[in-house]
Amino acid sequence: MLEALAYPFFQRALLAGLGVALFAGFLSPFVVQRRLSFLGDGLAHAAFAGVALGLFLREEPLYLALPFTLLVALLITWVKERTPLSEDTAIGVFFALSVALGAIFLSRARGYVGDAMGYLFGSLLFVGPNDLLALGVLLIFLLLALPLWGAWAYATLDRELALADRLPVVLHDYLLSALVALGLVLAVKLVGAILVAAFLVIPGAAGRLLARTFSGMTLLSLGFALLSTLLGLLLALLLDLPSGASVVLVQTLLFALALLKPAFPGGK
């Protein structure tokens, strides 16, 4: 590990990975408890469509993927709130649209196949100073959102009661969707669009198996996300593997270990 830290690219990847882990570990319990795993998949494909648009226009993909994915996240929430359609139906529509747009943009982005593969599966070499700056700004947003954790947890565990208590649940849904979208985009370079949704699911799922309270689940999720990122990035460097695949493999191993213990009462 000490030798690995001598490489500037690994330093950037490690800082980005730990930052993304904090973000994903915090949000993962909400994604798991609210059954939003499919939302992660849909937004991951929206992120790739934005990346493909950036490659096609020969602009920095991150600058186009961020607003595109944020727009899709807000539209999904709007369709869910304003129409009789279920959330998974809305996600399915925008999932298909994103895949179609991504395929079209990528087919026109000639000479960028290698870059596209990096965005699909993640790469230690892809993280640059601008990505760290964007991640730092996002972590500031996360700190500002910390006071909302109690209200989000309340609505997650009993949405009807939260509405009866006149909490702004719908507004919080928009904020949570926006944070998930932004976090996914910034994790794409490191984890890859195909695997980034797992980053928002597996830590919370492992924590769900072991914790007896939602706060305990959140702390365990943060711990699993940080540990799996650290070990996964080191594994990727040592064995020359895609960084996203390495991190997800370690996460899955931790989840398998969590399965050895029974879920808390009432869990499924």
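Which residue forms a salt bridge with Arg34? In this predicted model, the partner is Asp173, and the closest N and O atoms of the two are 2.9 Å apart. Let's see where they sit. Arg34 is in the loop between α1 (8-33) and α2 (37-57), while Asp173 belongs to helix α9 (residues 169-191), so this salt bridge ties together parts that are 139 residues apart in sequence.

Now stay with Asp173 for a moment. With a relative accessible area of 4%, Asp173 falls under the 20% limit and therefore counts as buried. Asp173 also meets the side chain of Lys80 in a salt bridge, at 3.5 Å from N to O. Lys80 lies in helix α3 (residues 61-82), so its pairing with Asp173 in α9 joins parts 93 residues apart in sequence. Lys80 itself is partly exposed, at 22% relative accessibility.

Arg159 is another partner: its side chain and that of Asp173 form a salt bridge of 2.9 Å, N to O. Here the link runs between helix α9 and helix α8 (residues 159-164), with the two residues 14 apart. Arg159 is partly exposed, with a relative accessible area of 28%.

Put these pieces together and you have a network of salt bridges linking Arg34, Lys80, Glu81, Arg159 and Asp173. Across the whole structure, a search finds 5 salt bridges.

Finally, turn to the surface. Leu133, Val137, Ile140, Phe141 and Leu144 make a nonpolar patch of about 510 Å² there. One of these residues, Phe141, lies in helix α6 (residues 129-145) and is partly exposed, with a relative accessible area of 43%.

Notes:
Residues are numbered from 1 along each chain as its sequence is written. This is a predicted model: local features need pLDDT of at least 70, side-chain atom pairs count only at pLDDT 80 or more; totals for chains, interfaces and linings use all residues. Side-chain values use heavy atoms; hydrogens and water are left out. Patches are made of residues with over 30% relative accessible area and no salt bridge: like charges are joined within 9 Å, nonpolar side chains (Val, Leu, Ile, Met, Phe, Trp, Tyr) within 5 Å. Accessible areas come from the Shrake-Rupley method with a 1.4 Å probe; for residues, only the protein chains shown count as cover. A salt bridge is a side-chain nitrogen of Lys or Arg within 4 Å of a carboxyl oxygen of Asp or Glu. Helices (H or I, at least four residues) and strands (E, at least two) are DSSP runs, numbered from the N terminus. Buried means under 20% relative accessible area, exposed over 50%, partly exposed in between (1.4 Å probe, protein chains only).
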